[in-house]
Amino acid sequence: MVSFIEERPKNIAAGQNMVSDPKSAQKPPAPPGFISISRKKLLQNLEINAGARVNSWVDSMRASSPTHMKSAPSIADDQGSWNLNHPSALDMFEQIIDASKGKQIVMFLDYDGTLSPIVADPDRAFMSKKMRKTVRKLAKCFPTAIVSGRCRDKVYNFVKLAELYYAGSHGMDIKGPEKGSKSNKDTESVLFQPASEFLPMIDEVYKQLVETTKSTPGAKVENNKFCLSVHFRCVDEKKWSELAQQVKSVLKDYPKLRLTQGRKVSHLELTEYKFIHVYQ
Ligand SMILES: O=P(O)(O)OC[C@H]1O[C@H](O[C@H]2O[C@H](CO)[C@@H](O)[C@H](O)[C@H]2O)[C@H](O)[C@@H](O)[C@@H]1O
């Protein structure tokens, strides 16, 4: 089950095309059986604020790995309560159908770990033909969007379905089906890139991170265009603190960037914007 949490950036005009009811976009009503939980609280757990010690950052990275869940009660408890409050859609099917009566259903899907398996090399996270067929069928029934931290083009190259909306860089790069395409006969096509002015800075930080982290075996920096990822997955855990320290040493000169954390990955995002995160 994928749960979608939206942090709406300023002036997300194009994104409105993706939501049929603007009121519900501002404050989605919790369907029966769902308890809403504060987005702020969730993001606080992921966001690594400027003053945080590298050790606590690395500890919570360890805790986000299933093999370490038991040794980090606070994070594990939090994920437990998340699952409790957001049960699988398959178990709530009737309730979802009831709650959706008279409304337009829109599907938001995560890519990594949802449409594709988690693999060691992020460039090889391929989607199966069977999954592509399923997503194609789904998109015939509902407007369907893929929301990912990755660069939009990269996700598109994995998924290869022109009829979908793609939100890359955690929502900083949104594109819909072209006008005139099968799935978009009437409306204008959507292109939303509010942070283009930051591209040179992000490229600069990318190069610095590649240079700074090259002494750590297994470290990989991924350029997601409007944000960056530093992968810890293939780095020996004994070296995680060293890698975290290297990332911090670059970040300190860029106050316009902040760190948030995913599964064995750290994201560098623009402080000025709220980013979309999808949780499994
Ligand atoms: O917020 P998301 O859309 O879930 O993006 C998080 C990161 O996803 C990708 O990394 C994850 O999948 C990789 C391939 O399976 C895996 O190697 C990595 O350890 C996972 O964290 C993507 O490569 C990153 O850029 C995203 O930040």
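This report describes how two domains meet in a predicted model and how the protein surrounds a ligand.

**The two domains.** The domain assignment of the protein divides the part considered here into domain 1, covering 104-193, and domain 2, covering 197-270, and the C-alpha centres of these domains lie 25 Å apart. In the contact region, 15 residues of domain 1 touch 13 residues of domain 2. The size of an interface is often given as the accessible area lost when the parts come together; for domain 1 and domain 2 the buried area is about 1,100 Å², with carbon and sulfur atoms giving 59% of it.

Polar interactions also cross this boundary, since the count stands at 6 residue pairs in polar contact, both residues being at pLDDT 80 or more, and the rule finds 3 salt bridges across the interface. By class, the side of domain 1 that touches domain 2 is made up of 6 nonpolar, 4 polar and 5 charged residues. A salt bridge also joins E222 and R150, whose closest N and O atoms are 3.1 Å apart.

**The ligand.** Around the ligand there are 20 residues, of which V119, G149, E222, S229 and R233 come nearest. The table lists polar approaches to oxygen atoms of the ligand.

| Residue | Protein atom | Distance to a ligand oxygen atom |
|---|---|---|
| R150 | polar side-chain atom | 3.4 Å |
| H231 | polar side-chain atom | 3.4 Å |
| R263 | backbone N or O atom | 2.9 Å |

On its own the ligand has 560 Å² of accessible area, and the protein covers 94% of this. R150 thus appears twice in this account, as the salt-bridge partner of E222 and as a residue with a polar side-chain atom 3.4 Å from a ligand oxygen atom.

Technical notes
Residues are numbered from 1 along each chain as its sequence is written. This is a predicted model: local features need pLDDT of at least 70, side-chain atom pairs count only at pLDDT 80 or more; totals for chains, interfaces and linings use all residues. Side-chain values use heavy atoms; hydrogens and water are left out. Domain bounds come from an automatic or database domain assignment. Contact means heavy atoms within 4.5 Å. Buried area is the accessible area (1.4 Å probe) that two parts lose on being put together, summed over both. A salt bridge is a side-chain nitrogen of Lys or Arg within 4 Å of a carboxyl oxygen of Asp or Glu. A polar contact is a pair of N or O atoms within 3.5 Å; within protein, one must be able to donate a hydrogen and the other to accept it, and residues adjacent in sequence count only if both atoms are side-chain atoms. Ala, Val, Leu, Ile, Met, Phe, Trp, Tyr, Cys and Pro count as nonpolar, Asp, Glu, Lys and Arg as charged, and the others, Gly among them, as polar. A residue is near a molecule or strand if one of its heavy atoms lies within 4 Å of it. Accessible areas come from the Shrake-Rupley method with a 1.4 Å probe; for residues, only the protein chains shown count as cover.
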